[in-house]
Amino acid sequence: MTAEPVWMTPRTLQRLEDTVADLTRPGRTPDDAEQARILELRELIRRAETEAKPDDGLVEPGMIVTVRFDGEDEPTTFLVGSRELAALDASVDLDVYSPSSPLGLAIVGRYVGDTISYPAPNGTVKATVVAAAPFG
C-alpha cells in the first residue's frame, strides 16, 4: 500500500530536510525521541509533493480556496493543507484546513461553483465553492 502524497510548500520541505540534517549531523547522537522524529520527518520528505497545482478549479491540497457559507455575507478564504506543515512556512498567512478535517473532506475533489455540506457540532454546514487557485 502506497501512502498518499503530502502537499507542502518548497520552503517547508527545505525546513524538514534541514531539521533532519541537524538531527543527524556527524558527532551527534539522537536520543530515542529524536530518532522517532527523524523517521517521521523522513517519511514526510519521502511523500512530499511541492509542485504547484493546476489552475483548473479543482479543490485539492495546495489550493487557496474561497467559500461562501450559507447565511454569511463575506466569503472565507483558506489554504487546504497540513496545519502543522504550513506553520513551518512564514509565507502562509492564511487559515489552513486539513484535507482530513470535516470541511476538507467535504471540499476536496469539488470544483468552483459546487455546493458542499458537512456535519458540524451545531448541525449541517453548507457552503458554495467560490474560487480555487494554486498556492504561490
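Contact here means heavy atoms within 4.5 Å. The exercises below concern a predicted model.

**Exercise 1.** Determine which residues Val59 touches, leaving out residues up to four places away in sequence, and then place Val59 in its nonpolar core.

*Solution.* Beyond that sequence window, Val59 touches Val65, Val80, Ile107, Val108, Gly109, Arg110, Val129 and Ala132. Val59 is also among the residues with the most contacts inside the largest nonpolar core, which has 15 residues, and Val65, Val67, Phe78, Ile107 and Ile116 are listed with it. Strand S3 (63–69), strand S4 (76–80), helix H4 (102–107), strand S6 (115–120) and strand S7 (123–134) each supply at least two residues of this core, and S3 gives the most, with 4 residues. Apart from this core lies another, of 8 residues, including Val6, Leu16, Val20 and Leu85.

**Exercise 2.** Classify the geometry of the aromatic pair of Trp7 and Phe135, and state which parts of the chain the pair ties together.

*Solution.* The ring centres of Trp7 and Phe135 are 5.8 Å apart and the planes stand at 75°, so the pair is edge-to-face, since the cut-off for that class is over 60 degrees. Trp7 lies in strand S1 (residues 6–7) and Phe135 in the segment after S7, so the pair ties together parts that are 128 residues apart in sequence.

**Exercise 3.** For the pair formed by Phe78 and Tyr97, decide whether each residue is buried or partly exposed.

*Solution.* This pair is edge-to-face, with 4.8 Å centre to centre and 75° between the planes. Phe78 has 1% relative accessibility and therefore counts as buried, whereas Tyr97, at 27%, counts as partly exposed.

Note on methods:
Residues are numbered from 1 along each chain as its sequence is written. This is a predicted model: local features need pLDDT of at least 70, side-chain atom pairs count only at pLDDT 80 or more; totals for chains, interfaces and linings use all residues. Side-chain values use heavy atoms; hydrogens and water are left out. A nonpolar core is a set of buried Ala, Val, Leu, Ile, Met, Phe, Trp, Tyr and Cys residues joined through side-chain atoms within 4.5 Å. Buried means under 20% relative accessible area, exposed over 50%, partly exposed in between (1.4 Å probe, protein chains only). Rings of Phe, Tyr and Trp (its six-membered ring) pair if their centres lie within 6.5 Å; planes under 30 degrees apart count as stacked, over 60 as edge-to-face and the rest as tilted.
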